[in-house]
Amino acid sequence: MFSFSERLQKLPPYLFVELDRMKAEVQAKGVDVIDLGVGDPDLPTPSHIVEAAKKALDNPENHHYPSSVGMFSFRKAAASWIKNRFGVELDPQKEVVSLIGSKEGIAHFPLAFVNPGDVVLVPTPAYPVYHIGTLFAGGETYYLPLLPKNNFLPDLESIPQDILSRAKILWLNYPNNPTAAVVDKEFFAKVVNFAKEHNLIVAHDAAYTELYFDDYLPPSILEVDGAKEVAIEFHSLSKTYCMTGWRIAFAVGNESLIAGLTKVKNNVDSGAFQVVQEAAIAALTGDQQCVAEFRGIFKKRRDVLVEGLKKLGFQVEAPKATFYVWAKVPDGYTSADFAAKLLKEAGIVVTPGNGFGEPGEGFFRVALTVDENRLEEAIKRISSLKF
Ligand SMILES: Cc1ncc(COP(=O)(O)O)c(C=O)c1O
């Protein structure tokens, strides 16, 4: 037996691996489990995207090593998508890099800019990879709690001066996983000013900008004047086009930040399969009606779940974006107790809020990744429980 590196030993168990194990245990008893845990949409990738991949597969030119920065045609498609959606001009040569899913880019980015002992500012509760990437780079995480009283925004003014002077990167993610919180452009403008004042890199994870509802339209941080001086933004095709399995995303923004991430990638991966990049080009440059349809589906699911939970007395608000619902657990329960009760007594998987970080205690997250009938069934099962 070989012992793991200290780096690996320091890692908390990856949240969803543990949830999968518990789910398998319950399923082994024959329970019809409703999985509202992982944020993996159940809907298939639109057919015009799949067709583009099939065509690209027949082209032997796509059977070779890709480049880690990505095909120029892919980077051009990403830049024009950003221009159409956010009105931001990008140089596809210098300000865009392809990623093998945004998780890859998020995990690798700190390796390019963090030295051992540097501080990285990480929101909590949050997607776990901001902290994990920091650890792998030898950095120290300083957590910024996202609290209901601040509308789940970080309180930048509360960061002590000695932390700020050692801090290299500030991670943000809006629309937010897991809280579903959203921001406006003014918030990003404040962040950009703050970053310039304190010589910080802003790394914005924009995985959910296309899953919005009602009258809300999520901004890109790059819409703010001067943002390109300090910011990199991670976009993913995973949720927007229901392409989680394809592993394709891209980062955009400050030229030197893109160059640093590209340099790491040049040394650890050989890029995304060109067939997948061709599919992504079809997604980014094709008809965006499919994305509007996905939004419609998630909105209906959101309404079924939120109205159902409200009727049962849960404290919950309809999210303006993302396919997550962030709800308070009933009084007298911890997040873990409540999630365990739902799994054991109702066969429902939800994610305990504290799994994303301690300030998530007292909440649970529901992913709207099953159809309306299953959500209605979930509400029915919850209504039969005693709290
Ligand atoms: C906030 C956030 N960022 C990034 C990702 C990673 O997405 P992908 O690697 O599929 O692009 C996820 C996936 O769940 C996420 O929730």
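These legends go with close-up views of a predicted model.

**View 1. Helices α5 and α6, side by side.**
Here we're looking at how α5, residues 102–113, packs against α6, residues 129–136. The angle between the two is about 35°, and their axes sit 7 Å apart. As for handedness, the α5 and α6 crossing is right-handed. On the α5 side, the contact uses Lys103, Ile106, Ala107, Pro110 and Leu111; α6 answers with Val129, Tyr130, Gly133, Thr134 and Phe136. Sorted by class, that contact comes out as seven nonpolar, two polar and one charged residues.

**View 2. The shell around the ligand.**
Zoom in on the ligand and you'll find 15 residues around it. Asp205, Ser236, Ser238, Lys239 and Arg247 are the ones that come nearest. Which helix gives the largest share of this shell? That's α5, with three residues. Both α5 and α9 (237–240) chip in with at least two residues each. If you're thinking about chemistry by class, the shell splits into five nonpolar, six polar and four charged residues.

**View 3. Polar atoms facing the ligand oxygens.**
This one is for anyone checking distances by hand. Ser102 takes part through its backbone: a polar atom there is 2.7 Å from a ligand oxygen. Tyr208 uses its side chain instead, with a polar atom 2.7 Å from an oxygen of the ligand. Arg247 also has a polar side-chain atom 2.7 Å from a ligand oxygen. How much of the ligand's accessible area does the protein cover? On its own the ligand has 400 Å² of accessible area, and the protein covers 91% of that.

Technical notes
Residues numbered from 1 in each chain as written. Predicted model: local features only at pLDDT ≥ 70, side-chain atom pairs only at ≥ 80, totals over all residues. Heavy atoms only, no water. Axes fitted to C-alpha atoms, helices over the stretch in contact; angles between N-to-C directions. Helix = DSSP H or I, 4+ residues; strand = E, 2+ residues; numbered from the N terminus. Left-handed = near helix turned anticlockwise from the far one by under 90°. Contact = heavy atoms within 4.5 Å. Nonpolar A, V, L, I, M, F, W, Y, C, P; charged D, E, K, R; others polar. Near = heavy atom within 4 Å. Polar contact = N/O pair within 3.5 Å; in protein donor to acceptor, adjacent residues only side chain to side chain. Areas by Shrake-Rupley, 256 points an atom, 1.4 Å probe, with all protein chains shown as cover.
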